[in-house]
Amino acid sequence: QTGSIDALKKCFVNLVHQSEENVRTQLSNLVKKMNKLQDDSDSERLYLRNLLLRIHTQFPGDVGCFCIYFLNRILLQPGQAMFLGPNVPHAFFFLLQIAWNA
């Protein structure tokens, strides 16, 4: 498991160090693809499409739009909580506050 965690970290670090121009170009291509997708029975794909479009509308061209494909999605109910250790990337998408642990 350590190998896959290290590979994911490398991929994520590479992503956040891309040039703004490259991020904007690739994000624009992805958004165009997502806009062409029809609603289907795959609720996860539909959720991610809608989340990407929502975040991109509020933060156009931002590298953080790609983070939805790197992070686990956890829905907490009222009264629930979770602990994230140090150096674990996370985001609060519905609050739209990105929190980075460096």
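Me: In which helix is the place of Arg-49?
Reply: The structure shown is a predicted model. In this model, the place of Arg-49 is in helix 3.

Me: Is Arg-49 buried or exposed?
Reply: Arg-49 touches Met-34, Leu-37, Gln-38 and Asp-39, leaving aside residues up to four places away in sequence. Its relative accessibility is 10%. A residue is called buried under 20% relative accessible area, so Arg-49 counts as buried.

Me: Which helix supplies the largest share of the largest nonpolar core?
Reply: The largest nonpolar core has 13 residues, and among those touching the most other members are Leu-27, Leu-30, Leu-52 and Ile-55. Helix 2, spanning 20–36, and helix 3, spanning 43–58, each supply at least two residues of this core. The largest share, five residues, comes from helix 2.

Me: Which residues meet in a salt bridge through their side chains?
Reply: The count of salt bridges comes to one. Its partners are four residues apart in helix 2, and are therefore separated by about one helical turn. The distance from N to O is 3.7 Å, and the cut-off for a salt bridge is 4 Å. The two residues are Glu-20 and Arg-24.

Me: Which residue of the pair Glu-20 and Arg-24 counts as exposed, and which is partly exposed?
Reply: Exposed residues have over 50% relative accessible area, and partly exposed ones lie between that and the buried range. With 60% relative accessibility, Glu-20 counts as exposed. At a relative accessible area of 46%, the partly exposed residue is Arg-24.

Me: How many disulfides does a search of the whole structure find?
Reply: A disulfide needs two cysteine sulfur atoms within 2.5 Å. For Cys-67, the closest cysteine sulfur is that of Cys-65, at 8.5 Å, which is too far for a bond. Across the whole structure, the number of disulfides found is zero.

Me: What is the relative accessible area of Cys-67?
Reply: Cys-11 counts as partly exposed, because its relative accessibility is 42%. Cys-67, by contrast, is buried. The relative accessible area of Cys-67 is 5%.

Me: What accessible area do the residues of the nonpolar patch on the surface have together?
Reply: The patch is formed by Ile-74, Leu-76, Met-82, Leu-84 and Val-88. One of these residues, Ile-74, has its place in the loop between helix 3 and strand 1, the latter spanning 90–92. Together, the patch residues have an accessible area of about 400 Å².

Key: Residues numbered from 1 in each chain as written. Predicted model: local features only at pLDDT ≥ 70, side-chain atom pairs only at ≥ 80, totals over all residues. Heavy atoms only, no water. Core = buried A, V, L, I, M, F, W, Y, C linked by side-chain atoms within 4.5 Å. Buried < 20%, exposed > 50% of the residue type's maximum accessible area, 1.4 Å probe, protein only. Patch = residues over 30% accessible without salt bridge, like charges linked within 9 Å, V, L, I, M, F, W, Y side chains within 5 Å. Areas by Shrake-Rupley, 256 points an atom, 1.4 Å probe, with all protein chains shown as cover. Contact = heavy atoms within 4.5 Å.
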